[in-house]
Amino acid sequence: MRLTVVGCSGSYPGPDSPASCYLLEAEHTPEEGPGAGETRTWRILLDLGNGALGALHRHVDPLTVDAVFLSHLHADHCLDLCGYYVMRKYHPTGPQPRIPVWGPAGTAERMARAYDLPVDPGMTEEFDFREHADGAGPVTIGPFRVEPHRVVHPVAAYALSVTAGGRTLVYSGDTGPCPALDEAAAGAHLLLAEASFRTAEDNPPDLHMTGADCGRTASKAGVERLVLTHVPPWHDRADAEAEARTEWTGPLDVARAGATYDV
């Protein structure tokens, strides 16, 4: 599968990137159901933070996305679902088919409020909202097997493990260091981990990770590659990279909008 970093700015859109949004693509030939026997590129989004929908147009037609998976319901991870709702509802070619949107409990209500819609129907005519359930196991969309792992954050938040073609990407979402992330990341081919904090500062617990935390997680999990993301515009990306290097000796990148990785 291929990862495209649509947006990677932490907490709010920065001068060089929208907020969090990651496009995953993989080829797949369904054996049954609609499109059986036809090979095509399947696409999912991990998060759709503010500013990301516009940037997504640079990479693919947003109407070709098959599903959206939200790690949690803070604005920098979900708010551009509002614009996506408008695009799918009022597109000149007509209303688009519903697509599934997985997220924490209450996602449908949260998004209705965000666009000042009545909860019923809210955005449910455009999106088939489904809830991450702790311990429920993975879901399958085309070639993608996606499993949520509840992590630590002030709101319900999930790391997302995505497997396709025998390769696995794990996206931390927003989280402090925790055993759930360690377990989710074990053996991953690419760990996409948020590095919002710096070690030298007095950071609150169970909120975000430092670059050093990301490096330790990658080392414990035995991942193949570490990509740092969600660095806020008020921090220097080089600091996150230098911190990670104190704990991790493998391949390391700091995410940039537009970067691609073959997982």
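Helices α6 and α7 sit oblique to each other, because their axes cross at roughly 40 degrees, an angle that falls outside the roughly parallel class, which stops under 35 degrees. Keep in mind that this is a predicted model. Here's a quick tour of that helix pair, and then of the sheet that α7 packs on.

**The α6/α7 pair**

- Helix α6 covers residues 211–221, and α7 runs over residues 237–245.
- The two axes come within 7 Å of each other.
- As for handedness, α6 passes α7 in a right-handed crossing.
- On the α6 side, the contact is made by Gly211, Ala212 and Gly215; on the α7 side, they meet Ala240, Glu243 and Ala244.
- Sorted by class, that contact has 3 nonpolar, 2 polar and 1 charged residues.

**The sheet**

- There are 7 strands in an open sheet with mixed pairing, and their order is β7-β8-β9-β10-β11-β12-β13.
- β7 (139–141) and β13 (252–254) are the edge strands; each has a single partner, so one side of each has no neighbour in the sheet.
- Going from one strand to the next, the twist averages 20 degrees.

**Where α7 meets the sheet**

- Helix α7 packs on the sheet by touching β12 (225–229) and β13.
- The direction of α7 makes about 160 degrees with that of β13.

**A closer look at β8 and β9**

- Strand β8 (residues 144–151) pairs with strand β9 (residues 157–164) in the antiparallel sense, over 7 bridges.
- Within this pair, arginine 145 stands opposite threonine 163 of β9.

Methods:
Residues are numbered from 1 along each chain as its sequence is written. This is a predicted model: local features need pLDDT of at least 70, side-chain atom pairs count only at pLDDT 80 or more; totals for chains, interfaces and linings use all residues. Side-chain values use heavy atoms; hydrogens and water are left out. Two strands pair if DSSP finds at least two bridges between them. Helices (H or I, at least four residues) and strands (E, at least two) are DSSP runs, numbered from the N terminus. Axes are lines fitted to C-alpha atoms, for helices over the stretch in contact, and angles run from 0 to 180 degrees between N-to-C directions. Contact means heavy atoms within 4.5 Å. Angles under 35 degrees count as roughly parallel, over 145 as roughly antiparallel, 65 to 115 as roughly perpendicular and the rest as oblique. A crossing is left-handed if the near helix is turned anticlockwise from the far one by less than a right angle, and right-handed if clockwise. Ala, Val, Leu, Ile, Met, Phe, Trp, Tyr, Cys and Pro count as nonpolar, Asp, Glu, Lys and Arg as charged, and the others, Gly among them, as polar.
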